[in-house]
Amino acid sequence: NMVNAGEINGSGNLMDFLDEPLPDAGTYEDFHTIDWLREKSRDTDRHRKITSKSKESVWEFIKSLLDAWSGWVVMLLIGLLAGTLAGVIDLAVDWMTDLKEGVCLSAFWYSHEQCCWTSNETTFDDRDKCPQWQKWSELLVNQPEGASAYVLNYFLYVLLALTFAFLAVSLVRVFAPYACGSGIPEIKTILSGFIIRGYLGKWTLLIKTVTLVLAVSSGLSLGKEGPLVHVACCCGNFFCSFFSKYSKNEAKRREVLSAAAAAGVSVAFGAPIGGVLFSLEEVSYYFPLKTLWRSFFAALVAAFTLRSINPFGNSRLVLFYVEYHTPWYMAELFPFILLGVFGGLWGTLFIRANIAWCRRRKSTKLGKYPVLEVILITAVTAIVAYPNPYTRRSTSELISELFNDCGALESSQLCDYINDPNMTRPVDDIPDRPAGPGVYAAMWQLALALIFKIVITIFTFGMKIPSGLFIPSMAVGAIAGRMVGITVEQMAYHHHDWIIFRNWCRPGADCVTPGLYAMVGAAACLGGVTRMTVSLVVIMFELTGGLEYIVPLMAAAVTSKWVADAFGKEGIYEAHIHLNGYPFLDVKDEFTHRTLATDVMRPRRSEPPLSVLTQGSMTVEDVETLIKETDYNGFPVVVSKESERLIGFVQRKDLILAIKNARQRQDGVVSNSIIYFTEDPPQLPASSPHPLKLRRILNLSPFTVTDHTPMETVVDIFRKLGLRQCLVTRSGRLLGIITKKDVLRHMAQMANQDPESIMFN
């Protein structure tokens, strides 16, 4: 019946075969940018079709309901899978981190903490020690203490760290090269409309989950939070493939990925609202209200799933739950703001040093040996970290201890204060006391740990293993904050007659909480590196449950952003996007130069004229030659070469598919058949070959600007509408074309950077 339809259709034997949709029409190549406007209009058409069909029968009506619900179903599935994976990762990391120090005899799959829970023989003071848990030296040579035991434990710690790191980097290298790094810069780029095939694939999901456990357990200075966003987005992409509404439409798929990113942060920190705000503030490009509600739902389901797995065993979602009882005082805002300044300076230092190191890695031989690099950094980390009790344990445990307030029952070294012998001991409100020898020793060790963390994180982030940045940044801030907190506390104790302490700090009162300073410092450093503000504060108080400390957290976050912005506007993720040359038009960038569209458009004066198609004078062979000789992503269609009046724009991929399809399925289409883009082709003499009518693949409303449009307007149009290209005309005549790449190159040139660094089309 195809041929019969053709015979009725128009002149002679002409057939507009595109009445049937093409397979693959409108899909994109790898490393190309999507056309948001086109995707949106395609979705509107699809919606219209479904709505009109739904009135025909009950079955069609049910189908339309299913279609409307599919978005929520995808969110539910993403939440369930992301929550489950996060719980499994948490449990596995706990067990493998403890495996470096010893093993549980009653059940080897228990971590240290779980092992001693089940034991009946633990005392309260030595709750970490129980006969079921044995260090390697006890198990192998039956010596719990002493020099030989220390050396053996040290050796096994380093050996296991190296084993985990080697496994992680080998798996990434062999099976999924895209599983390295934190993944957030790439996800920002993908959400802005770029296509990186395989970046969110099933292999990447599997390998990233496994190697993330290995990388975090190896004791390297990295966190699992950033990669969990990548993992959640992989889940989102995986579930999109089951629903044609999302798998066939790239713009709709990106709405799902935005919500998946929210679910990722929700399970990484146990902060569902913080996750939604993080997706809105930091990663998403296009975030309609509908996506906000869906993100909220996905984050809720993910958090609920994680809570039912209960990986921390404290029946809370939260990593570092704190219970402080003391209010904070106005005078304390000064040290909080100082911590904000420290966070901003550390953020600037980290971004500059890390980018310089990554650039070195790209341009020298270092980049050719990723496995060796990981092994070396792991060896240095493990050897330097083991002697210091604060760097030996996992970073999350360290932050947790730094956030903790010293209660009457705390046994940690940080709580070794000198008690007043005739003081009665109430349970929660312990007055400020002078520091004992343990606190001074802890201050030294923390100072060394701070220097070590600052240096090693610069070299760790960006290696070929999954590595998040949230936890190391928070650790740097928490160490600095705790040290400041102890200093302020001791000053308040010894000098309570000073004017600043006199009003609020009487002798025998509990005025300063060092743990709060650690919390504020952590927020400040994380803000300095990522430049988040709103979502950062919400994540911090959801993470710790410290609701009354919103104001100190806000003060520190804003200060750190101001200080860091004074040295450079971009956060670590934008810096990595620029380093890799991804075509990302940042909404936050200002474009202030006085250039016009005519200065940016191609072709330039020295270049050959624009490759165009005419509406009714080119043969199939002419078009195929044009496609072979050029690598443009599309061609403008004009009335004729002489008049150059614009009719529309046709995508290269659609054109290739249409011609290929016509040659296979339509009789009489040969190399010298004429291609028509008009509504009604003219009557042809009987002897001439069959024409080919391709009006259906022609975009009749391409976006155009005139040659005198200021570039700031053009940049805004590209940003807000998410265009791929825009045509430049003067009084209806086609002059040139501006692509997203041209805009990015021009912006780089104006900022005195190398315009060729933007490598993808």
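These legends go with four close-up views of a predicted model.

**View 1. Helices H12 and H22 running alongside each other.** Here we zoom in on H12, residues 272–283, and H22, residues 534–544, whose axes come within 8 Å and cross at roughly 165°. That angle is over 145°, so H12 counts as roughly antiparallel to H22. The crossing of H12 past H22 is left-handed. On the H12 side, look for Pro 272, Ile 273, Gly 274, Leu 277, Phe 278 and Glu 281. Facing them from H22 are Val 534, Ser 535, Val 538, Ile 539 and Glu 542. Sorted by class, this H12–H22 contact has 7 nonpolar residues, plus 2 polar and 2 charged ones.

**View 2. Helices H26 and H27 packed at a slant.** This pair is H26, residues 620–629, and H27, residues 652–665, and their axes sit 11 Å apart at an angle of about 140°. An angle of about 140° falls short of the antiparallel range, which is over 145°, so H26 and H27 are described as oblique to each other. H26 passes H27 in a left-handed crossing. From H26, the residues to pick out are Val 620, Val 623, Glu 624 and Ile 627. They meet Arg 652, Leu 655, Ile 656, Ile 659 and Arg 663 in H27. The tally for this contact is 6 nonpolar and 3 charged residues, with no polar ones.

**View 3. Asn 388 in a loop between two helices.** Asn 388 belongs to the loop that links H15 (370–385) to H16 (389–392). Is this loop residue buried or exposed? Its relative accessibility is 12%, which is under the 20% cut-off, so Asn 388 counts as buried. Which residues does Asn 388 touch, once neighbours within four places in sequence are left aside? The contacts are Gln 445, Leu 448 and Ala 449.

**View 4. The two spans annotated as CBS.** An unreviewed UniProt entry lists "domain: CBS" for residues 601–665 and again for residues 698–756. In the span 601–665, the end C-alpha atoms are 39 Å apart, and the make-up is 37% helix and 23% strand. Over residues 698–756, the end C-alpha atoms lie 32 Å apart, with 37% helix and 27% strand. For orientation, View 2 shows H26 (residues 620–629) and H27 (residues 652–665), and the UniProt record lists 601–665 as one of its CBS spans.

Technical notes: Residues are numbered from 1 along each chain as its sequence is written. This is a predicted model: local features need pLDDT of at least 70, side-chain atom pairs count only at pLDDT 80 or more; totals for chains, interfaces and linings use all residues. Side-chain values use heavy atoms; hydrogens and water are left out. Axes are lines fitted to C-alpha atoms, for helices over the stretch in contact, and angles run from 0 to 180 degrees between N-to-C directions. Helices (H or I, at least four residues) and strands (E, at least two) are DSSP runs, numbered from the N terminus. Angles under 35 degrees count as roughly parallel, over 145 as roughly antiparallel, 65 to 115 as roughly perpendicular and the rest as oblique. A crossing is left-handed if the near helix is turned anticlockwise from the far one by less than a right angle, and right-handed if clockwise. Contact means heavy atoms within 4.5 Å. Ala, Val, Leu, Ile, Met, Phe, Trp, Tyr, Cys and Pro count as nonpolar, Asp, Glu, Lys and Arg as charged, and the others, Gly among them, as polar. UniProt positions are given in the numbering used here, feature names are shortened, and annotations may be inferred rather than shown by experiment. Buried means under 20% relative accessible area, exposed over 50%, partly exposed in between (1.4 Å probe, protein chains only).
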